[in-house]
Amino acid sequence: INNIQKGPAGGAPGAAEGTQQQPLEFDHAINYVTTIKKRFSDEPETYKKFLEILHTYQKEQRGIKEVLEEVSVLFSEHPDLLREFTYFLPDAVQSEAKAQLEVVVKEAEERKRLKTAAAAAATATATAANRQAAATAPRVAPAPRAPVAAPTPTAPLEQRVSSQPPPPVPSASIAFGATAPRSAEREKEIHRSAVYGKVTFGPTRPPRKNALTVSQAAQKNGRPTMLPPLPTQPTTAETAFFERAKRHLSRKELAPDKPSGRVRHTPYAEFLKCMHLFASGVLNKDELVLLLRGLFVQGHAPKSGINAGGGASNPAIANDAHELLKEFEEVLISRGPYANQQNRQKDKSKYGAKRTRDFEYRDPKRATPSYAEYPKDYPKDLFMTHTGQTEDDAKVLNDTLVSVGAADTGGSMSPEDYDAVRIRRNIYEEAMFRIEDERFEVDMAIERNALAMRQIEPIAEEVQMLREGEEKDGQPIGRLQYKLNPRTLNSIQINAIGRIYGDSGDEVIEHLSRNPLAVLPIVYQRLRQKDQEWRKQKSELMPRWKTGCEANYEGSMDYLCYPQRRALERRFGLDQLREECKMARQYCSSPDKRMGGGAVSFGLSVPDRSAVLYEPYAVVEVKPQSPIHHDAVKLLMHHVQKKCETRLDVREKVGRIWTEFMIHFFDYPSHWVIDEARESFRGKINNFVVQYATGERVMTALGEGTIQAFMDTAEGPRYRVKLAFGSAILQPYAILHNVDAKDGTKYIRRDDEMIKETDSTMAEGDDGESSVIVDKKFKLLFGSDCIYLFLRLYSFLVSLLDDIQRCLRSKPTVVDPSLSYYNPIKSGPSEHKANGETKLDFAAVMSKLRDVISKTLSHKDFEAFCRRVNRDIVHKMAALPRLVEKCGDIMIKVSEEDLLPRLFDICQYTGQNPVTLRNACLVMSPDVSYRIQYNSSNGRIYFSYLPEGEELSTVPVGDGDDDDDDDEMEEGEVEDDYEDEDDMDLEHEEEDLRAAKRMKMR
């Protein structure tokens, strides 16, 4: 205000006409500003606007005429403030400004007088109406009054008001837009009646220019942790700074010459005023520091005498002022309305929106297993500075390392990522935990909603009462302003409100923060609606939860099934099967390297010389002619049918593998596969369903016979076959495979037909080769990786089914064991008993297994059924679906490889030389790396790994003889070439085998 009096240049004004105005007392200006602040206590924006006008004038951004116009509009309803404002104008514009403001003052006084008169007229009318109503009651008539002439409607307002009888002094006023007056006492009573919030009366402030909308504010500020939001609390360093500033400004060198005797005129009070202007957004950071520099050094008023220079002439005060300003600039970090600029600067940086766990730590070297260095380009000065930090603090505080978790955990181990003991639960425990999580989430949602509802209910009732009171009093909408008390809603209740509105939750909370009077009743009704809805949904979910817990409880207590099943599944893993064959020699010398509990054994050579197998091998045993093979075949057929529903060509190829290879190799009855061969046949001759040659001996569905003719009829291709009991016309699918004619005639396939082999290289050789042949009881095959894996998986499946059948026969299940289990969750009789399901034998297991393959039964339900059959071997039965699936998939790959039928055409004939046979197979495919030899007499299948570069040995190592092949080999036993262990030590076997290879047949 002093600056306004002095003019924009800040100097003394020039002389004006008449006497000059005396220097304005500072107290007068303070009183004037205080009056404005008190009058507009309900409208703080008006007070801020007045300060902004003065501030912009001081910075020479506005002229005196603009100031007069804005003040005239701002105080248009307050003529006394306008009249007093003229005393603060410069002398050069006193006369003109007074004339301009005088017009505005008169207009304001006239409007005020007319409003008062209108209010008085309305009060008089209301009083007359009350008197007329009271006149109907019997009472003593009052003394007559002198008649008053009624004013004409065309008379001016002054005449009409003066013609009315003088009303009593009104105790109430009518607000703008109101239909009835209300006294100040009534408003004070309303203000005192508010318990959960603060009530004020005044017009709603219009939004500022460029102010954020509700959605923008919600997106920028996020969800608050408290409603109303708490102001930023001072830190210890800030509190200490204000105490030191107060002691500094209380020095006598900074005090004025003549003490005013009032607290508000001390230097510290001036310091607080500057802080208030900064908090209000009137001053920015640089302007505030500029003002405080003069205040800390010289005080707030001119000095005389020894204190003429204030603190500028005192080095101690100047030094303290410099230290205070330096400390104050540190305190201002991230403070004030301009602090968002610093935050935006951080957000624009590379690491502004990243968590430490998301940093890219490219340096593999770490200080410790759990700590790594910050990236080299990390802006530490931007993110690691804080208020009050000293050099000593920087020496001990960590600003170089960050916790990122151990290297094997794949990143930071944050609390939300930590899952207690990291162990794998079985599917039943997972189901139980999932149900528990669902119940917990539902219960917590209901309880959080109920907590918010209990907290908001009394507030909503108070708000509704205030709104109804405003309507009864005839007050306009928006005049009553309602603000919640501090700490009314905490984060739990705020999040509960945000949850029920989904993606719009932050906007609703922002609306609630700005206008609780209108939003609270709506939010409360929504909370009640959701409470009823969620409780109803919980009642509907309870039966499903109960059923799930009841079904999974027994499985969750079986903690051994899962690890045992996983160990069993690892044993028939493809990599494990390959490793067993390739590392047979190492497994013989170091049995501890093997995976324990397997049904496979290893040896360096077969004791039976007729096998001509002198390489390290893995051997498995399947019972020949066992009916368990039929169960395995039916399971695999069922899997292929479901897998190849849309791939009929692949199914046809698999069907020919059953007829041409599996029946011949394992001597199965033909009726096991004839139905699948008929269903898979597509009616045409191709490279898989080949055309057999005339005169070729074949095995048919009706028995062994000879092809007499091939006929291509209208119904499709047909064969005339001579059988033991006569001739028959058969379709191609009924021709299962060819048969050794015993006369040395061999047939091989070329494209889509079988032709007689004329090349004698396979049958004849030198004397050494012809003398080394495999005995007829052995069926020899050289195959690829897929063929080896298929036969290993098939033998594993047969062995596992045999173990399960033997166990169930030895310990039959008569009564459902689940009836005797203690299940605290079970509420009624077993549903299995109610359904009449009493058979719990091997046939029932096979039936359920086919349902799993058909995907009509889940693996979890199948395991639960197996647990009812036998709890001791439930892990074996539970591993069957995975084993059948893997074996069937490999069988499909074998058919797509299109190599097995051509290889078996060569290998199916008995009494062949293994070296010549292997060379012929390698000509067909260089991938033939496995030797597979089946002993049909005892059901043993030998597997030996022979890559293309390694030659096959046909002579034994040493001179020992052991032709007793009928001795049974125990499971896991390592077979040797010698009966006497002293004749040959295992340590020298490798050297002896290398010597034997040099003696092999070329």
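1. Let's start with a small detail: the side chains of aspartate 608 and serine 610 are joined by a polar contact of 2.8 Å. Keep in mind as you look that this is a predicted model.

2. Where does aspartate 608 sit? You'll find aspartate 608 in the loop between strand S7 (601–603) and strand S8 (617–621). Is aspartate 608 buried or exposed? Its relative accessible area is 5%, and because buried means under 20%, aspartate 608 counts as buried.

3. Now follow those two strands into their sheet. S7 and S8 belong to an open sheet of five strands, and the order is S7-S8-S18-S17-S16, with antiparallel pairing. The edges are taken by S7 and strand S16 (778–783), and each has a single partner strand, so one side of each has no neighbour in the sheet. Going from one strand to the next, the twist averages 25 degrees. If you're wondering what holds strands together in general, strands of a sheet pair through backbone hydrogen bonds, either parallel or antiparallel.

4. Zoom in on one pair from that sheet. How many bridges link strand S17 and strand S18? There are six bridges between S17 (residues 930–935) and S18 (residues 940–945), and the pairing is antiparallel. For a spot to click on, try asparagine 935, which stands opposite arginine 940 in S18.

5. Helices meet this sheet too. Helix H28 (residues 785–810) packs on the sheet and touches S8, S16, S17 and S18. The direction of H28 makes about 35 degrees with that of S17. Helix H22 (residues 574–582) lies across S7, S8, S17 and S18, and H22 runs at about 80 degrees to S18.

6. There's another strand pair worth a look. Strand S11 (residues 716–723) pairs with strand S12 (residues 726–730) in the antiparallel sense, over five bridges. What joins S11 to S12? A hairpin does, passing through two residues. Within this pair, valine 721 stands opposite alanine 728 in S12.

7. Last stop: isoleucine 522, which is found in helix H20 (residues 516–557). Why does isoleucine 522 count as exposed? Its relative accessibility is 56%, and because exposed means over 50%, isoleucine 522 falls in that class. Try finding alanine 460 as well: alanine 460 and isoleucine 522 are 62 residues apart along the chain, and their C-alpha atoms are separated by 8.9 Å.

Methods: Residues are numbered from 1 along each chain as its sequence is written. This is a predicted model: local features need pLDDT of at least 70, side-chain atom pairs count only at pLDDT 80 or more; totals for chains, interfaces and linings use all residues. Side-chain values use heavy atoms; hydrogens and water are left out. Helices (H or I, at least four residues) and strands (E, at least two) are DSSP runs, numbered from the N terminus. Buried means under 20% relative accessible area, exposed over 50%, partly exposed in between (1.4 Å probe, protein chains only). Two strands pair if DSSP finds at least two bridges between them. A polar contact is a pair of N or O atoms within 3.5 Å; within protein, one must be able to donate a hydrogen and the other to accept it, and residues adjacent in sequence count only if both atoms are side-chain atoms. Axes are lines fitted to C-alpha atoms, for helices over the stretch in contact, and angles run from 0 to 180 degrees between N-to-C directions. Contact means heavy atoms within 4.5 Å.
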